[in-house]
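Work through the exercises below with the model open. Try each task before reading its solution.

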Amino acid sequence: MIVRIYRALLRLLLPSRFHDAFADDMTAVFAELARERGPLALFGELPGLVRLAVRSRRSDRTMRAHAVTTRLEENVFDSFAQDLRFAARTLGRAPMFTLVAVVTLALGIGANTAIFSVVDAVLLSPLHLSDPDRLVAVSEVPKSATTISIGSTSPGSFFDWKDQVKSMQLAGYTPVNRVLTGHGEPEQLIGTTSIGGLLQVAAVRPLFGRVLTLDDEAADAPQVIVLSFDLWHRLYGDDRRILGQSINLGGVPRTIVGVMPAGFTFPGAPNDFWVPSRLDAKFRANRDQYFIAAIGRLAPGTTIERAQAEMQVESARLTRDWPMYNQGTRIDVAPLRDAIVGATSQRLWVLMGAVAFVLLITCANLGNLLLARATTRRREFAVRRALGAGASRVTRQLLTESLVIALLGGAMGLAVGKAFLKLVLAAQVTTNLPRSDEIALDGRVLLFTLIVSLIAGVFFGVVPAWQLGRAPAAGALRDGDRGSGGSQFARGVLVVAELALAMILLAGAGLTLRSFSLLERVNPGVRSDHVLTFTVSPRSAAPTFFPTTLERIRALRGVTSAAVVTTLPISGRGIGAWFNRIDRPLPDNVQPTGEAYRVVTPDYFATVGIRLVSGRLLNGDDRKEAPAIVVNEALVKKYYPGENPIGKPVYLGAPDNRLFQQAPIVGVVSDTRDLGLGSDPAPTVYIPLAVMPTWPFFSYVVRTTGDPATIMPDVRRIVRELDPAVPIRNVEALDDVVSAAVAPARWSTTLLSVFAALALVMAVLGVFGVLSFLVTQRRREIGIRVALGASPSAVRALVVRRGLGLVAAGLILGGAGALAVTRLMSTLLFGVTPTDPTTFTLVALVLAVAGLSASYLPARAATTVDPIIALRAE
Amino acid sequence: MPARDSLESASPLSAQVFQILLSLVDDDLHGYAIIQDVAQRTGGEVRLTASTLYAAVKRLLDNGWIEELRERPKGDDDPRRRYYRLTPKGRQAARGEALRIERLAGMARAKQLIGAKR
């Protein structure tokens with residue numbers, strides 16, 4: 001064994017000539033020494049071996065230098081090591097060049113590394129589920145729906161599916177929030193209710209204990225709970241003896257039966273616990289409450305297409321049996337991962353594309369830099385070739401240099417990427433991404449960075465290598481350092497490519513910037529300044545709790561009004577129910593549409609600044625016995641076009657399951673953009689709290705005269721006085737709620753702008769570099785022109801004309817490319833088309849001005865060429 | 001050849017090279033035997049390894065101070081072993097080195113740094 005290691009070391013370290021001559025003998029001698037002195041003899045060999053390797057290589061090379069024309073036998077390792085040493089020396093001699101190259105590359109690679117870590121975790125890594133490729137999301141959606149997402153279905157439909165469908169094992173879930181008590185401060189936990197054995201279908205084994213089963217969902221089964229790893233760790237440390245212990249959630253003691261492994265947070269993070277559902281027979285048959293998200297595990301040997309076909313049959317049957325509920329719906333079966341990631345993926349892919357462009361531009365720039373350098377080294381390479389170095393040898397030498405730069409850039413890029421990822425993760429939006437808890441610079445990311453660096457190295461190294469490798473020696477020797485027409489052309493191509501890529505990136509960034517500025521100018525429909533919001537969920541909703549707290553908060557100094565609402569404005573659609581006009585019932589076979597409703601106290605409208613359009617606002621007289629509702633303009637537009645809705649009676653919910661018996665519309669108020677600033681206002685019904693008082697949690701909105709945050713201590717005191725065990729969550733200014741609505745757009749806009757700026761700088765540097773080089777190379781020609789009487793402006797024009805040509809070509813190509821590419825990001829845009837002419841013109845202008853300014857400096861340098869010096873230098 | 005690799009200019013000889021030459025003065029030896037002989041004669045003071053030995057062997061061969069034997073001596077049946085013999089040039093070099101050391105020792109003795117020869 002030890003002898004074999006020695007043998008391998010010899011092969012690795014010794015130059016082939018020495019190896020061939022002596023390795024056998026050395027191994028034999030070493031074998032006897034090892035027998036005599038023991039295996040530690042290997043360590044004794046090492047210093048001598050290293051000295052030998054270094055010395056024999058040195059003499060090998062000097063020999064070669066003396067006899068370059070005889071092609072020596074050399075193994076690949078030999079020449080590679082030689083190339084490597086040579087590259088290190090060459091780069092070390094030009095530290096500025098190396099620094100610039102490595103730093104620009106590190107920026108490009110760093111951006112890629114960071115964004116790839118996000119993309120990898122969110123889009124590419126398998127879910128923390130067993131055999132995740134066989135898991136699908138099953139969702140009942142309107143026939144018109146186009147996006148994949150996890151939709152919700154009713155218990156009636158869900159249990160029908162579960163009974164009928166053979167191609168999948170189905171389970172459902174719905175989120176549940178419960179207040180934890182008995183562990184310090186009361187705390188709101190986020191969990192999942194398992195319907196039909198969710199954890200069994202997910203097929204993930206618990207860390208210890210057991211998972212929830214179907215039996216736990218029986219009506220008379222004991223109340224049990226499975227904890228997430230994080231919650232277990234936080235509450236109990238590493239104590240595994242908690243199985244069988246009780247934990248109090250929402251006032252109900254539950255027995256802990258298991259803990260899931262770290263990282264398992266399905267169906268989404270955060271998820272603190274899983275509890276079995278407890279649906280009675282009546283609720284199991286309910287068909288108008290849509291809250292169950294369904295997943296399925298494909299049966300062995302079944303494909304997703306088969307499952308989809310089966311669900312189509314099921315959908316047709318349900319439509320026939322329950323036309324009222326299932327008319328106009330279809331059932332989608334999609335890979336679970338696509339459903340989870342959903343809408344995020346386009347945003348991320350656009351960013352990934354952007355950083356890839358930045359890297360391409362970086363590569364083109366470096367290619368140019370190396371090409372320029374290589375041109376000035378033409379004489380050196382010509383000499384080598386004249387002395388017998390083959391074209392491939394020269395090419396390899398140059399490629400080695402670029403690979404060394406690439407790897408250095410990659411190593412530094414990793415550090416840049418790490419810092420950059422930290423910044424990206426600091427943004428709230430990133431952490432709101434699905435599966436964001438899995439984002440990390442892991443082995444896959446490292447591998448990605450390494451591969452990207454290597455590809456980049458080959459990419460920017462191959463052009464100069466090819467150019468120089470084929471350069472005819474004689475011409476190069478004569479021309480000295482002036483470039484050939486070919487390499488000038490290559491440099492031009494690279495710069496044009498850079499400009500074109502920059503143009504595409506700028507166009508993309510410009511479009512998102514424009515749509516973002518339009519988005520920010522959208523009126524959200526609320527006056528969000530000086531409004532404090534927070535959410536309270538009392539354990540038992542005493543009917544007096546909300547009115548009493550509101551009364552006391554209103555009495556605070558600096559508070560002008562206060563109200564509660566079920567879902568804050570601009571933060572989502574909230575809950576919905578079927579909207580039914582009593583004065584114009586739908587035909588029996590047509591299903592009503594669900595519309596959003598918000599339960600509010602009468603002051604809500606004044607507090608958040610929603611205007612009254614017609615009729616009256618809600619007031620204290622609207623009670624359960626004499627209900628009244630207010631609707632927004634969007635609902636009027638949809639249900640009462642051209643009519644006066646005031647006084648028209650309506651009810652919400654299914655005929656046999658109404659939120660209230662019936663109520664007249666007493667007022668119309670202005671719209672709020674609850675679905676996000678980029679979406680149209682949703683039709684919304686406002687129901688007084690007095691009509692629906694048993695709501696488990698409410699958000700408060702409090703308008704203040706001063707800084708809203710200053711009243712928070714008093715608010716906490718008021719809530720504690722009424723119920724010391726109630727948690728207060730999500731304390732925020734309404735301004736922040738509104739701003740959070742555009743946060744994803746701001747996020748991608750900011751990132752894209754940063755990348756585009758980087759691209760612009762690099763492209764400008766590219767133009768500058770090429771033209772500066774052009775001037776240096778053509779010094780003699782310029783000198784002759786000046787000597788023959790060319791005016792400075794004519795000389796300037798000479799250089800600028802070249803720059804203009806490059807910029808124009810880049811703009812045309814880039815414009816065409818941008819037209820093709822920006823189409824892909826259409827769903828990220830708001831208010832502008834992907835081919836918005838204004839944006840394109842502006843972007844082209846920016847690039848043209850930047851490009852021409854970049855050519856000005858070299859042009860001015862050209863006018864300062866002194867003909868006498870320029871000609872004498874030759 | 002650059003000067004630094006040449007043994008001629010490398011005077012004085014390194015202890016290892018000198019010891020290897022000494023081992024070959026009265027016998028043709030193979031590599032392992034050289035290491036053993038040197039270790040024995042110097043009481044373990046000069047301990048060669050395979051690597052240091054062959055680094056020296058290579059240079060000695062290049063300089064023509066030793067040569068490889070074409071036939072192995074009778075009684076050795078290990079075909080891997082190569083035997084080395086001192087050339088006249090090598091003998092001269094070893095002698096030169098020994099005389100140089102003797103001259104040095106004489107000088108030291110004249111200064112009574114070390115005791116007189118018996």
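The exercises that follow concern a predicted model.

**Exercise 1. Work out the strand order of the open sheet in chain B, and find which strands stand at its edges.**

Solution.
- Step 1: Take the three strands of the open sheet in chain B; their order is 1-3-2.
- Step 2: Check the direction; the pairing is antiparallel.
- Step 3: Strand 1 (29-30) and strand 2 (66-68) of chain B each have a single partner strand, so one side of each has no neighbour in the sheet. These two are the edge strands.
- Step 4: Look at the pairing of strand 1 with strand 3 (residues 83-86) of chain B, which rests on two bridges. Here His30(B) sits opposite Tyr83(B).

**Exercise 2. Describe how helix 1 of chain B is placed against the strands and against helix 2 of chain B.**

Solution.
- Step 1: Helix 1 (residues 15-25) of chain B lies across strands 1, 2 and 3 of chain B. Its direction makes an angle of about 90° with strand 3 of chain B.
- Step 2: Two numbers are needed next, since a packed helix pair is described by the angle and the distance between the axes.
- Step 3: The axes of helix 1 and helix 2 (residues 31-41) of chain B come within 9 Å, and they cross at roughly 105°.
- Step 4: Angles of 65 to 115 degrees count as roughly perpendicular. Helix 1 and helix 2 of chain B are therefore roughly perpendicular.
- Step 5: Name the contact residues. Helix 1 of chain B gives Gln19(B), Ile20(B) and Ser23(B), while helix 2 of chain B gives Ile34(B), Asp37(B) and Val38(B). By class, that is three nonpolar, two polar and one charged.

**Exercise 3. Find the strands that pair with strand 16 of chain A, and state whether its faces are covered or open.**

Solution.
- Step 1: Strand 16 (residues 629-632) of chain A runs parallel to strand 19 (residues 663-669) of chain A, with four bridges.
- Step 2: Strand 16 of chain A also pairs with strand 20 (residues 684-688) of chain A, antiparallel, over two bridges.
- Step 3: Use Val630(A) as a marker. Val630(A) stands opposite Gly667(A) in strand 19 and opposite Tyr686(A) in strand 20.
- Step 4: Now the faces. Ile629(A) and Val631(A) are buried on one side, Val630(A) and Asn632(A) on the other. Both faces are covered.

**Exercise 4. Which helix of chain B supplies the largest share of the side that touches chain A?**

Solution.
- Step 1: Count the contact: 16 residues from chain B and 19 residues from chain A.
- Step 2: Helix 2 and helix 3 (50-63) of chain B each supply at least two residues of the chain B side.
- Step 3: Helix 3 of chain B gives the largest share, seven residues.
- Step 4: Sort the chain B side by class: seven nonpolar, four polar and five charged residues.

Key. Residues numbered from 1 in each chain as written. Chains lettered and ligands numbered in written order. Predicted model: local features only at pLDDT ≥ 70, side-chain atom pairs only at ≥ 80, totals over all residues. Pairing = 2+ DSSP bridges. Contact = placed C-beta atoms within 7 Å. Axes fitted to C-alpha atoms, helices over the stretch in contact; angles between N-to-C directions. Parallel < 35°, antiparallel > 145°, perpendicular 65-115°, else oblique. Nonpolar A, V, L, I, M, F, W, Y, C, P; charged D, E, K, R; others polar. Buried ≥ 20, exposed ≤ 12 C-beta atoms within 10 Å, placed from the backbone.
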